[in-house]
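Biologist: I'd like to go through the labels on this one and hear the reasoning behind each. Can you take me through them?

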Amino acid sequence: MKFADNFIFGGATAAYQCEGSTLDYGKGKVAWDDFLAEKGRFKADPASDFYHQYPVDLKLCKRFGVNGIRISIAWSRIFPNGTGEVNQAGIDYYHNLFQECHKNGVEPFVTLHHFDTPNTLFQTGDFLNRQTIEAFVDYAKFCFDEYQDEVTYWFTFNEIWAVATNQYIEGTFPNGEQYNMAKAFQAMHNMMLAHAKAVLVFKEGRYPGKIGVVQSLEYKYPYDENSPADIMAAKNEDVLQNQFLLDATFIGNYSIETMSIVNKLVKLNDGSLDIRDEDLDIMTSAALVNDYLGMNYYQSRFIQAYDGENDIFHNGTGEKGTSRFRLKGVGERMAKEGIDRTDWDWLIHPESMFDMIIRIKQQYPNYKAIYITENGMGYKDDFEDGIIDDSPRIDFVKRHLYYLLKAVKEGANVQGYFIWSLMDMFSWTNGYNKRYGLFYIDYETQKRYPKASAYWYKRVSETKEL
């Protein structure tokens, strides 16, 4: 099996995680700025200093066969307050960045929102407030107009599920709450409505290029495949993370099965949802014209039935075996014998990515294309005299790419793969003790060092073979 000649071998980044200069050059605040200062554990400045170092990073892309890069625009660099006055320095920065991409033969795949709503809008409810939906659409249209000659591939949002769970279920993001199912589902619906409105603006404006959304997906298996209770628990969590958003993406409505589980979980929380008929009309129209799905895929889950109270502990330090995730009315995530885990308790289960791709192909046959927009392994890389042997990462990526090719052989249209991440960068809940990059960053000097995985990835990109 070989990759197609036009297959994208990409590297992924996110503005807040790599740019640094978080409050410089006219950039407005995001909630993370105060949140990280209050926690006092780490901050995202200078991070990888991509704001200044992007010419170096793009030359590395060219040298190592990375022909696509995921970049997010920091909304508050363009509109410091989310709406109103624009910041010309931010506008110019992204023009220069995109032009440098093309100069190095690296196609930019641009995300409009990657966890960084401008603070002015965040503090008035973020996407629970419908005014934020309209502000996002206005910002999206501005970007479509401004960068239409430089950007062909757009994504509206990155990981809507991650926003919802980390703000309203796990509580690890700014202003985080825990166990509020109603707010989680409402935020996901409202963000999908914002996505749909932006897609329709893009299509009706006849802008050149294509547009889609990035969802973070995890295949959910019953811990005991012969247990009806575990099968139901797996379905509960599948709807919570996957099916609710996939329905919204590809159908624009929510199936009877989806809503029966959604309503059950919301009722357990004594909550309610505001899903309007006019919302679904807009979402249905957009579902017909989405050009692709970006799929961030890191792991699967094995779910066991659970009747107790909510109990979540997030392993953010790399102390293997410390995480817990038990949701009342949903289920409990279990370690599975024979499946290894990273230090952060993420299962290493590449065959599940194949299962998810084929599931989308079969359940949503109107999908057009899939890009694996993030996949990679967090690892405590050892730096020895400029040599970084990250063989476990190579093995992780190689196995996932094997199952990607297997899905293509089964008829799935997968057009690219973006390793998370291009270079080491700030991680939202882990700071800097968890490295993902092809290129090692010395955060004191900002010098880049190619890891063994970078040389391996270059060979795969050039030969189109594993």
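Biologist: Where is Y179, and what makes it "partly exposed"?

Modeller: Y179 sits in the loop between α8 and α9. This is a predicted model, by the way. The relative accessible area of Y179 is 21%, and buried would need under 20% while exposed would need over 50%. So Y179 comes out as partly exposed.

Biologist: And what is the phi of Y179?

Modeller: Positive, about 65°, although Y179 is not a glycine. N175 does something similar, with a positive phi of about 55° and no glycine there either. N175 also belongs to the loop between α8 and α9.

Biologist: Why point out a positive phi at all?

Modeller: Because most residues other than glycine have a negative phi.

Biologist: What makes N175 partly exposed?

Modeller: Its relative accessible area is 48%. Exposed starts over 50%, so N175 stays in the partly exposed class.

Biologist: Now the helices around that loop. Why are α8 and α9 called roughly antiparallel?

Modeller: Helix α8 covers residues 160-168 and helix α9 covers 181-204; they pack at about 150°, with axes 9 Å apart. Angles over 145 degrees count as roughly antiparallel, and therefore α8 and α9 get that label. Their crossing is right-handed.

Biologist: Which residues make the contact between α8 and α9?

Modeller: On the α8 side, I160, W161, V163, A164 and Y168; on the α9 side, K183, A184, A187, M188, M191 and M192. By class that gives 10 nonpolar residues, no polar ones and 1 charged.

Biologist: How do you know how α3 and α5 are oriented to each other?

Modeller: Same routine. Helix α3 (residues 50-63) and helix α5 (residues 88-103) pack at about 10°, their axes 10 Å apart. Under 35 degrees counts as roughly parallel, so α3 and α5 are roughly parallel to each other. F50, Y51, Y54, P55 and L58 of α3 meet A89, Y93, N96, L97, E100 and C101 of α5. The class tally is 9 nonpolar, 1 polar and 1 charged.

Biologist: What about α14 and α15: why do they count as roughly parallel?

Modeller: Their axes come within 9 Å and cross at roughly 30°. The limit is 35 degrees, and therefore α14 and α15 are roughly parallel as well. R393, I394, V397, K398 and L401 of α14 make the contact with A452, S453 and W456 of α15. Those split into 5 nonpolar, 1 polar and 2 charged residues.

Biologist: K398 is in that list. Is K398 buried or partly exposed, and what does it touch?

Modeller: K398 is in helix α14 (residues 391-409). Its relative accessible area is 39%, and partly exposed lies between 20% and 50%, so that is the class K398 gets. Apart from residues up to four places away in sequence, K398 touches W456 and L466. The C-alpha atoms of K398 and Y457 are 9.1 Å apart, with their positions 59 residues apart in sequence.

Biologist: What makes Q243 buried?

Modeller: A relative accessible area of 1%, set against a cut-off of under 20%, so Q243 is buried. Q243 is found in helix α10 (residues 228-250). Beyond residues up to four places away in sequence, it touches K235, D238, S255, E257, T258, R359, Q363 and Y364.

Biologist: And how do you know that L293 is buried?

Modeller: L293, in strand β7 (residues 292-297), has 1% relative accessibility and so counts as buried. Its contacts outside four places in sequence include V213, L246, F250, I360 and Y371. L293 and F250 are 43 residues apart along the chain, yet their C-alpha atoms are separated by 9.2 Å.

Biologist: Which peptide bond at P46 is cis?

Modeller: The one joining D45 and P46, with omega about 10°. P46 is in the loop between α2 and α3. W420 and S421 are also joined by a cis bond, omega again about 10°.

Biologist: Last one: why call the whole chain as compact as a globular protein of its length?

Modeller: The chain has 15 helices and 15 strands. Its radius of gyration is 21 Å, close to the 23 Å that the globule rule gives for 466 residues, so the description holds. Buried residues make up 61% of the chain.

How values were computed
Residues are numbered from 1 along each chain as its sequence is written. This is a predicted model: local features need pLDDT of at least 70, side-chain atom pairs count only at pLDDT 80 or more; totals for chains, interfaces and linings use all residues. Side-chain values use heavy atoms; hydrogens and water are left out. Axes are lines fitted to C-alpha atoms, for helices over the stretch in contact, and angles run from 0 to 180 degrees between N-to-C directions. Helices (H or I, at least four residues) and strands (E, at least two) are DSSP runs, numbered from the N terminus. Angles under 35 degrees count as roughly parallel, over 145 as roughly antiparallel, 65 to 115 as roughly perpendicular and the rest as oblique. A crossing is left-handed if the near helix is turned anticlockwise from the far one by less than a right angle, and right-handed if clockwise. Contact means heavy atoms within 4.5 Å. Ala, Val, Leu, Ile, Met, Phe, Trp, Tyr, Cys and Pro count as nonpolar, Asp, Glu, Lys and Arg as charged, and the others, Gly among them, as polar. The radius of gyration is taken over C-alpha atoms; the globule rule is 2.2 Å times the number of residues to the power 0.38. Buried means under 20% relative accessible area, exposed over 50%, partly exposed in between (1.4 Å probe, protein chains only).
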